[in-house]
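This report describes selected features of one protein model for a reader who has not met it before. The sequence and structure come first, and the description follows.

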Amino acid sequence: VLSSVEEIAELYRELSQHPGLSAACLGPDVTTQYGGKYCSLYTEWSQRDLARAENVKFCRQYLIFHDGASVVYSGPAGTCSEIKDELLSRESPSGVLKAVLRKVPSKEKEKEKQFLEVWDQNRKVKSIDLTALDKHGSVYDDDQFGCLAWSHSETHLLYVAEKKRPKAESFFQSKAPELGASDEDAGRPGKDDAPLKGEQFVYREDWGEALSTRSVPVLCVLDVEGSSISVLEGVPEHLSPGQAFWSPDDTGVVFVGWWHEPFRLGLRHCTNRRSALFYVDLTGGRCELLSEDTRAVWSPRLSPDRCRIVYLENDALGPHQQCSRLRMYDWYTKHTSTVLEAVPRQTWGEYSPGGSGRGTGGVLSTAALLTGAFPGIYCGALPGLCWAADSRRLVLDTAQRSQQDVFVVDTVTGTTTSLTADAPQGSWSVLTIDRDILVARFSTPSCPPTLKVAILPGSGWEAQAQWVCLQDAPPVPGISWGIRTLQPPPEQEHPQYSECPGGPGWAPPPLPSPDTPHPASAGGLDFDAILLRPSEGLAAQKHPLVVMPHGGPHSVFTAGWMLYPAALCRMGFAVLLVNYRGSLGFGQDSVASLPGNVGTQDVRDVQLCVERVLQEESLDTGRVALVGGSHGGFLACHLLGQFPDTYHACVVRNPVVNIASMVAATDIPDWCLTETGLPYAPDTLPDPAQWTEMLCKSPMHYVDRVRVPVLLMLGEDDRRVPPKQGLEYYRALKAQGVPTRLLWYPGNNHALAGVEAEADGFMNMALWLLKHLRC
């Protein structure tokens, strides 16, 4: 195992330089003098700059020559260049204009200014100082509310900003005018603009973790020609609008509205907040409800023919992320239909020799090599452009067990077809589709993100999509990986979900060899794990094992590029990423099986997986460590207390350790009750029995049994799992004499994603594991 501090730092520096691919935009088709067609592809990437301690964004252009059915030639056009201070950018429908929201440092050393710019093909034609106009507060650039939408006529721009707040001053603040001067002469505001007395310390609710500056969003419109800005009226006061776009005829705006009564709850990663689709008419200010108002909706997307809007829908409250429905609203008939329902259990298809069990480096997992039917939709958002040119089909990516694949959906028949079934196995994400040119990102645990393009075949032929690599990334040497499927023993099955997917008498399809295990053979819920192993070194060498359960708990590790696991593997650790029951991508039944069983079902799944891997792989049972964040930290702390003899060191980042004390401090109090299996109502306090239940399901219940060294990393600004959770655990461990260290990161929230905190966190984690696993 790599043990030199300098070598570890150099390894991290090298791997952290692999850029992430964040966005893509296709330019209009150009016909050459010889009749061929090509278009430009603009891409945005981000990369950690350790010297500057920040993420830098850069862009690169490519050319794609195509004949409408396939990519004839593709390649880069020029080198990459850094993008400075762009918050949002959007090309107009024709591709002739581009809007950019930019932050600019103020010369008066005040807070930065925001400018809205319009560019034509070769120059900047508008630059509007939004801060100076003072019509609203800061423009939202997040992916929860934010938007920058061109009208179909390309004459107006729509965006979301914080509502302008009236100025406030002390009861005792006064500025006496000069003798004989009028109000106007003294520069004093009129009655309408007069500051409000005693309002400067009024508490304003916000939308929680990573959205702490978002309180009252408003829809704003820029008239490009007249350079005038107006704040739209007509949005009901009990709603926060976002994700807006222009209605088909430009007469109004369609938006998602989130209810903020009786009070706001955290929105980031919470697709269960009561919300609906609305239309506000620009002329009369009339607001109309377009969807049901008792569900949670998000990600509305208008078809190219401007006739239909698709959007994702979940039940309000309940698990924060779950299997979503795909709904479609017809603009002209006003009819809403369900294109895809939530999938209770993924059904299995035919045996595939190149199926989901194959890793890289020639390593086959023990997972059954099967390609499953459509697993359901599990995604934070649909691609910004997701419709095919026929305005009937759309493309999306979703977790499929421990992978992420791209599917095309026929909105009329509800049929789904994988576009990546015959492509390399790993993690696929759709960046955009325009005129049926598909742009996607692909990565694996040993291969950083690469850029892929394909032409979407005609209806019925989608499975024949041919992916072309535009920007390759060489695989990182020394990492092999595979996916394995595990079936809990009968005594650990969930009684409600122990039946086979097809009911009594159902049997999985036959496999070519009786020795190949079947993941659904026992009928109950199964789960996966991704195992990364160093593929270099002595064959007889037994590697130490780092166990990493994911957070959420309703999220998933897909077989894509992840910096920490890759770096640990290159150091010489085997890394086990566990998708316990309750993870996304395995059907809604799996999601629903976990609430009420946290601290038992998820803990036993991870432990079963660890014991099975230690039995079957040549790993060092005397050097096993736990690493986890959020609910992954919850599981790590549970495992330390429930199975103290298995583990020898632990690193946790912003862990949940006491649900009972977290419920009053977090931005998601409903999570605490829901995952404990209790009903949540905003106007009801838990009773003593419920407080007890929350404590008994928490790691603090087992803290007196913890014996191994624990390293805690806490974000000072974490609103999701407040740092007092980690401090509570730290003090309990210190009181028992357990070796404990705490790292406190100012300016970092729940994700601890600041470049400096992330790098420091890795180094401290690596050195902690080396020291306490005696590597």
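## Strands, a helix pair and salt bridges

β3 and β4 are joined as a hairpin with 4 residues between them, and A53 in its turn has a positive phi of about 55 degrees. The model is a predicted one, and the values in this report are computed from it.

### Strands around β3

The two arms of that hairpin, β3 and strand β4 (residues 54–66), run antiparallel and are joined by 13 bridges. Within this pairing, C39 stands opposite I64 in β4.

Strand β3 also pairs with strands that come before it in the numbering. Strand β2 (residues 30–31) is antiparallel to β3 and is joined to it by 2 bridges. V30 has Y38 of β3 as its bridge partner. β2 and β3 form a hairpin too, with 5 residues between them; in this turn, G35 has a positive phi of about 95 degrees.

Strand β1 (residues 20–26) pairs with strand β3 (residues 37–49) over 6 bridges, again in the antiparallel sense. The bridge partner of A23 in β3 is E44.

The three pairings of β3 are set side by side here.

| Strand paired with β3 | Bridges | Example of opposite residues |
|---|---|---|
| β1 (residues 20–26) | 6 bridges | A23 and E44 |
| β2 (residues 30–31) | 2 bridges | V30 and Y38 |
| β4 (residues 54–66) | 13 bridges | I64 and C39 |

### The sheet from β7 to β10

Further along the chain, 4 strands make up an open sheet with antiparallel pairing, and their order is β7-β8-β9-β10. The edges are taken by β7 (86–91) and β10 (124–129); each has a single partner strand, so one side of each has no neighbour in the sheet. From one strand to the next, the twist averages 15 degrees.

Inside this sheet, strand β8 (residues 98–104) and strand β9 (residues 113–119) run antiparallel and are joined by 7 bridges. V104 stands opposite K113 in β9.

S92 sits in the loop between β7 and β8. Is S92 buried or exposed? Its relative accessible area is 4%, so S92 is buried, given that the cut-off for buried is under 20%. Leaving aside neighbours within four places in sequence, the residues in contact with S92 are L97, W150 and E154.

### Helices α5 and α6

How do two packed helices get described? The angle between their axes and the distance between the axes are used for this. For helix α5 (residues 601–616) and helix α6 (residues 631–642), the axes come within 10 Å and cross at roughly 70 degrees. The two helices α5 and α6 are therefore roughly perpendicular to each other. On the α5 side, the contact is made by D602, V603, V606 and Q607, while α6 contributes H631, F634, L635, H638, L639 and Q642. By type, the residues of the contact of α5 with α6 comprise 5 nonpolar, 4 polar and 1 charged.

### Salt bridges

The count of salt bridges in the model comes to 46. One of them is between R48 and E758, whose closest N and O atoms are 2.6 Å apart. R48 belongs to strand β3 and E758 to helix α11 (residues 755–772), so this pair ties together parts that are 710 residues apart in sequence. R48 is partly exposed, with a relative accessible area of 22%, whereas E758 is buried at 14%.

A salt bridge also forms between E169 and K197, with the closest N and O atoms 2.8 Å apart. This pair links distant parts of the chain: E169 is in strand β13 (residues 168–169) and K197 in strand β14 (residues 196–197), 28 residues apart. E169 is buried, with a relative accessible area of 16%, and K197 is partly exposed, with 39%.

In the salt bridge of D589 with R345, the closest N and O atoms are 3.2 Å apart. D589 lies in helix α4 (residues 588–593) and R345 in the loop between β24 (336–340) and β25 (348–351), so far as position goes 244 residues apart. Both D589 and R345 are buried.

Salt bridges also link a group of residues into a network, made up of E292, R295, E313, D315, R325 and R327.

Technical notes: Residues numbered from 1 in each chain as written. Predicted model: local features only at pLDDT ≥ 70, side-chain atom pairs only at ≥ 80, totals over all residues. Heavy atoms only, no water. Pairing = 2+ DSSP bridges. Axes fitted to C-alpha atoms, helices over the stretch in contact; angles between N-to-C directions. Buried < 20%, exposed > 50% of the residue type's maximum accessible area, 1.4 Å probe, protein only. Contact = heavy atoms within 4.5 Å. Parallel < 35°, antiparallel > 145°, perpendicular 65-115°, else oblique. Nonpolar A, V, L, I, M, F, W, Y, C, P; charged D, E, K, R; others polar. Salt bridge = Lys/Arg side-chain N within 4 Å of Asp/Glu carboxyl O.
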